[in-house]
Structures are given as C-alpha cells and as structure tokens.
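Trainee: I'd like to go through this one with you and hear how each label gets justified. Can we start?

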Amino acid sequence: MLIRYRKVVRFTETAEKITLAIRAGRSIANVTQGELSKKAIFQELKDKSSPEQVEICQRFDKTFQIWRKTEQIAVPYISEFFKVVSESEPVIYKGVSFNPMIGAYGENFNLIDFFGWAKESQFKSIILNASIYAIINEAKSPLVKAFSKDSAKQAIDFILSKADEYKNVFELTEKREKYLRSIGFSLFPPSEQPLVLEAQQMFKSQRYMECLQEAIIFCADGSASGKELEIKKYANYTRYDTNYQRWYSVFVLAEALYLNRAFGVNIKLGPTTESNFDSLIREFMQKLEIPYGFIWYDRGIEKQVPYPEAISFEDSIESIQKKIQNPLVKQWMEELIKPFELGEGQKGLGKNIANIIEKVNLNALKSLPRLNAEGEWFLTFPPGACD
C-alpha cells in the first residue's frame with residue numbers, strides 16, 4: 001500500500017506542476033490557450049516511471065520559460081502537445097521569412113530570439129530560412145497552371161528561375177542565411193547548435209519534392225491531372241488571398257512534412273500571427289496520422305518600436321547605447337540576450353549586445369559550411385576532432 005500511495009503522490013505532484021506550467025501561458029495576444037485536465041494528465045502518466053514523469057514536467061517548464069516578460073508563450077492545442085512531449089523528445093522548428101529591410105538597416109539583432117529560446121529549452125531545434133518564398137509574392141503569378149505528377153518540380157523550378165529577375169530577394173535571402181548560421185556558430189557549443197536549413201537547399205531533396213507534391217494534392221483538394229491547378233485549401237488571411245499568394249500555404253505544409261520525415265520535427269514554434277497556417281498544418285498532419293504540436297509566442301513590444309530604432313547587426317556601440325535609452329528597447333534587449341550573457345553581465349547591456357554583434361559579424365563574413373538538407377544533426381562533435 002505504501003508503494004501505491006507514493007506513486008499516487010508522485011502523480012499528483014507532477015500533475016500539479018504541469019498544470020501550473022500550463023496556466024502560466026494561458027492567454028497571449030487575445031488568443032486563449034486550450035485546457036488540459038488533471039484527469040488527462042493522470043491518464044498519460046499512469047504507466048510512466050518516476051524519472052519519465054519528471055522529464056515530462058521539465059519539458060513544460062522548458063517550453064513556457066515563465067521568466068520571460070517581453071515574450072509570452074502559449075500552446076494552442078494543449079492536449080495534442082501534451083501527448084507529443086509525453087511520448088517522445090520534442091524536436092522544434094521555426095521558419096524565418098523574408099526581410100526586405102536588411103539592405104537599408106542591416107540584419108535584425110532580434111534574429112537571435114529563437115536561438116535564445118532554443119538554448120534555454122535545450123530541445124533539438126531547426127531554423128528554416130524560408131525567405132525565398134518571397135518570390136511567390138514578387139512574381140504575382142500562380143506557380144503551376146495545370147495539375148500533374150510533376151507539379152512540385154514545376155513549382156520549385158518557377159521560384160528558382162526568378163534568380164535574375166529578382167536578384168534583391170535572392171541576395172537578401174543569402175545574407176539572412178549567413179547571419180542565421182553565424183549566430184549558431186558564434187553562440188553555441190558545436191554539439192548544441194540549432195540546425196539552420198536554407199529552403200533552396202531543401203528544394204534539392206527528392207524527399208522534399210515528394211512532400212511538396214503531397215501538399216499540392218492536399219491543397220488542390222481533388223484536382224484532376226491536366227486540369228487547372230486551383231489551391232482550394234489555404235491559410236485564410238486577407239493579405240494572402242489572391243490565387244498566387246495561396247501558394248504560401250502549400251510551401252508551409254511541405255516544409256512541415258519534410259522536416260518531420262527528415263529530422264523528426266514534431267512541434268512548430270511561431271508567432272500568433274501564423275495561427276491560420278498552424279490550423280492548416282494541424283489538419284494536414286491529422287490526415288496523415290502524424291502526432292504534432294504547436295507553440296505560439298507573442299512579443300507585443302516589437303510592434304511598439306519603430307524599425308529604425310530597433311538594434312541591428314550593423315549598429316556601433318554608440319548607436320546601441322543610444323537606442324537602449326528607449327525603455328521598451330532596453331526591456332526587449334535585456335530579455336533577448338539573457339541566455340547569451342556568458343558571464344559578461346557586469347559589462348552592461350550595451351557592451352554585452354556589442355560583444356554578441358562582434359562575434360556574429362566576424363563569422364558572418366566567413367564561408368561557414370552549409371548543411372546538406374538530407375544530412376544528420378550537424379556537428380555532433382567538433383569538426384576536425386578525428387583528424
């Protein structure tokens with residue numbers, strides 16, 4: 001009886017901790033998080049060992065990171081998320097979109113945000129540079145006219161064929177990739193770096209091509225071969241509601257499926273503004289019977305800071321010191337760099353930001369190795385260790 005009593009007590013304590021962690025992120029940006037009852041927690045944990053229960057509880061703490069004040073975290077489909085993190089190790093991905101302002105102001109310093117979240121969570125993490133999708137919007141034309149078994153190849157060929165016509169998109173996409181890879185190299189030990197993937201590298205994968213074709217079939221919803229390819233299922237946003245813009249939804253579904261199959265990604269992290277995309281991904285994954293979860297974040301403070309007043313990787317120490325005089329920028333930056341202070345807190349906020357910028361800029365100028373999109377986790381031990 002004593003053993004059974006202790007087990008019940010452990011269940012109760014774990015359920016309480018998980019419930020508290022979930023409650024900490026209940027509502028952000030007018031989005032209410034789903035409910036998860038203690039009964040559901042008990043049901044999932046009843047056959048778990050004590051160490052497994054502790055690990056599951058820790059995964060929730062690592063997800064919500066309740067010390068954050070500027071950035072709030074919520075989980076929209078909490079029961080599905082709970083099942084994913086209870087049954088397997090979380091593997092997270094976040095997509096990064098095109099930034100047309102890089103040419104004028106330099107790369108955003110807040111690009112390190114997801115890296116900081118990943119460092120604190122200690123989950124395996126992937127960042128996908130999806131900037132090249134901007135071609136869909138620039139070209140203002142449906143990528144494929146008629147449905148066929150080669151629709152995926154035609155869609156990719158359409159985007160890649162625009163390299164000369166839209167050089168600026170390709171150049172800024174490459175610059176963003178260099179910074180993403182440099183942040184990982186500069187701020188993480190080799191074995192802990194988040195994986196940075198470039199969409200154009202992903203396009204070269206036969207496995208990705210198959211995922212894109214599946215996404216097209218799903219979104220075309222019954223298009224027959226040879227008939228006009230009409231995207232019928234898509235994330236319903238006013239700003240993405242023309243026929244050609246609906247192709248964004250196809251590519252978002254394809255990337256989510258590919259990253260699941262190639263790297264075991266089972267959770268997508270993104271802003272609340274991507275909620276309609278996430279609803280579509282959820283429907284897609286459920287149809288394929290793939291367990292999948294979502295994490296949403298919101299940092300309303302970002303919307304209150306004019307773009308020229310935000311810190312970039314081109315800012316000097318003088319410019320940084322001036323910008324952090326804005327209390328909103330100061331609050332935002334303090335949270336942003338917290339995972340990366342590396343014992344340099346006594347030097348002050350401005351100096352810490354400048355130190356990170358210096359490290360990242362130095363490596364952004366170098367020819368860092370790019371991951372093969374079909375590869376394993378990159379740098380599981382330091383390169384050259386077996387030379």
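Trainee: Which residues lie nearest the centre of the largest pocket, and how many residues line it?

Mentor: Keep in mind that this is a predicted model. The largest pocket has 44 lining residues, and K94, S97, F98, P271 and E274 lie nearest its centre. Its volume is about 1,300 Å³.

Trainee: Which elements supply at least two residues each to the lining of the largest pocket?

Mentor: The strands are β4 (91-96), β7 (267-271) and β8 (293-298). On the helix side you have α6, α7 (134-139), α9 (167-187) and α12. With 4 residues, α6 gives the most to that lining.

Trainee: What makes helix α6 largely enclosed by the rest of the structure?

Mentor: Count its residues: 7 of the 9 in α6 (residues 113-121) are buried, so the helix is largely enclosed. The buried ones are D113, F114, F115, G116, W117, A118 and S121. Right after α6 comes Q122, with a positive phi near 65 degrees.

Trainee: E274 came up at the pocket. What makes its pairing with K268 a salt bridge?

Mentor: The cut-off is 4 Å between a Lys or Arg side-chain nitrogen and an Asp or Glu carboxyl oxygen. For E274 and K268 the N to O distance is 2.6 Å, so by that cut-off the pair is a salt bridge.

Trainee: Why is E274 called partly exposed, and is K268 buried or exposed?

Mentor: Buried means under 20% and exposed means over 50%, with partly exposed in between. E274 comes out at 22%, so partly exposed is the label. K268 has a relative accessible area of 3%, so K268 is buried.

Trainee: How do you know that K303 and D298 form a salt bridge?

Mentor: Same test: the closest N and O atoms of K303 and D298 are 3.2 Å apart, which is within 4 Å and therefore passes. As for accessibility, K303 is at 61%, so it is exposed, whereas D298 is at 14% and so counts as buried.

Trainee: What about K323 and D315: what distance do they show, N to O?

Mentor: They meet at 2.8 Å in a salt bridge, and both K323 and D315 are buried. A network of salt bridges also links E71, D113, R299 and E302. By the distance rule the count comes to 20 salt bridges.

Trainee: And how many disulfides are there?

Mentor: The count is 0. A disulfide needs two cysteine sulfur atoms within 2.5 Å. There are buried cysteines, among them C57 at 8% relative accessible area and C219 at 0%.

Trainee: Which residues touch the most other members of the largest nonpolar core?

Mentor: Y133, L212, W247 and F251, in a core of 62 residues. Helix α12 (residues 247-263) brings the largest share, 12 residues. There's also a second, separate core of 53 residues, including W117, L269, I320 and I337.

Trainee: Which residues does L212 touch, leaving out those up to four places away in sequence?

Mentor: L212 touches A152, A155, I156, V250, F251 and A254. As a general point, nonpolar side chains tend to be buried together in soluble globular proteins.

Methods:
Residues are numbered from 1 along each chain as its sequence is written. This is a predicted model: local features need pLDDT of at least 70, side-chain atom pairs count only at pLDDT 80 or more; totals for chains, interfaces and linings use all residues. Side-chain values use heavy atoms; hydrogens and water are left out. Buried means under 20% relative accessible area, exposed over 50%, partly exposed in between (1.4 Å probe, protein chains only). A nonpolar core is a set of buried Ala, Val, Leu, Ile, Met, Phe, Trp, Tyr and Cys residues joined through side-chain atoms within 4.5 Å. Contact means heavy atoms within 4.5 Å. On a 1 Å grid over the protein atoms alone, a cavity is a set of points where a 1.4 Å probe fits but cannot get out, and a pocket is an open set with protein on both sides within 12 Å along at least five of seven lines; lining residues have an atom within 4 Å of a point. Grid points are joined across faces, edges and corners, and a volume is the space filled by probe spheres set on the points.
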